[in-house]
Amino acid sequence: MRRIKFALSSGLAAVALSAPGQAQTPPAGPEFYAVIAVAGFERPVEVRVSGLRKRVDVATGGIVQSYLTDRARGSLVVMTAAGRRRVALVFPISAEEGASALPLDAAQIRRTAQTTRIGSGNAGGRACALFRYTGYLGRSGTFCEGPEGVVLQFTPEGRQTPLFRVERLTFARQDARWFVPPPDYQVASLPGIGGIAPARPAA
């Protein structure tokens, strides 16, 4: 179980650091907050999206890791909170979007895979269009797409249950503070990246 969690958590960072030339700069989609059940995690993963910025929060075993991706700025911030320790590491990334192990944008799947609608479904109480895909990350499977273009359920071939399913989805403007480290985090940047300003405390 720990290996599964580590692989999925590490995959979030690895995907964000995917090589340029393998994808295209994604258009800005809808802003939303999602709570997602992911296979191998006892607690749901939380995701916030605003334009070309995305935040993914993963909590396992008393450790909270957050991945802040800013495609416009070309940065990935990996924040780790364990006890009183708060660390944020800043990495460079391409403005292009690589294939993600947890694709929430249906357009991202269609950029590298063939898709065919095979019916209708329901995920987390939301109606969705069911598609079969071939070629995404070299695999086949199915996904269910909501009317706003968000992937509500994703099931690679060979799995009896979904790899992930959106349990809660709220379309709303996301505060900019979600996408920068809080002021109590120690921020370290790789050379050439520049600083990432922590969020200021609310007045």
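Two strands count as paired when DSSP finds at least two bridges between them. In this predicted model, strand 7 and strand 8 (residues 126-136) meet that condition with nine bridges and run antiparallel. Both belong to an open sheet of 12 strands with mixed pairing, ordered 7-8-9-10-11-1-2-3-4-5-6-12. The points below cover the sheet as a whole, then strand 7, strand 2 and the pair formed by strands 10 and 11.

**Sheet layout**
- The sheet is open and mixed, and its order places strand 11 beside strand 1.
- Its edges are strand 7 (114-123) and strand 12 (186-189), each of which pairs on one side only.
- From one strand to the next, the twist averages 20°.
- In general, the strands of a sheet pair through backbone hydrogen bonds, in either a parallel or an antiparallel sense.

**Strand 7, at one edge**
- Strand 7 is hardly covered, with one buried residue among its 10 residues; buried here means under 20% relative accessible area.
- Its antiparallel pairing with strand 8 extends over nine bridges.
- Within this pairing, Thr-116 has Arg-132 of strand 8 as its bridge partner.
- Strands 7 and 8 form a hairpin with two residues between the strands, where Gly-124 takes a positive phi near 60°.

**Strand 2, between strands 1 and 3**
- Strand 2 (residues 45-50) is largely enclosed by the rest of the structure, because five of its six residues are buried.
- In the sheet order, strand 2 sits between strand 1 and strand 3.
- On one side, strand 2 pairs antiparallel with strand 1 (residues 32-38) through five bridges.
- Phe-32 has Val-49 of strand 2 as its bridge partner.
- The hairpin of strands 1 and 2 has six residues between them, and Gly-40 in its turn has a positive phi of about 95°.
- Strand 2 is also joined to strand 3 (residues 53-60) by five bridges, again in the antiparallel sense.
- Ser-50 lies opposite Arg-53 of strand 3.
- Two residues separate strand 2 from strand 3 in their hairpin, and the turn residue Gly-51 has a positive phi of about 60°.

**Strands 10 and 11**
- Strand 10 (residues 151-156) and strand 11 (residues 164-171) run antiparallel and are joined by two bridges.
- Phe-154 is placed opposite Phe-164 of strand 11.
- In the sheet order, strand 10 follows strand 9, and strand 11 comes between strand 10 and strand 1.

Notes. Residues are numbered from 1 along each chain as its sequence is written. This is a predicted model: local features need pLDDT of at least 70, side-chain atom pairs count only at pLDDT 80 or more; totals for chains, interfaces and linings use all residues. Side-chain values use heavy atoms; hydrogens and water are left out. Buried means under 20% relative accessible area, exposed over 50%, partly exposed in between (1.4 Å probe, protein chains only). Helices (H or I, at least four residues) and strands (E, at least two) are DSSP runs, numbered from the N terminus. Axes are lines fitted to C-alpha atoms, for helices over the stretch in contact, and angles run from 0 to 180 degrees between N-to-C directions.
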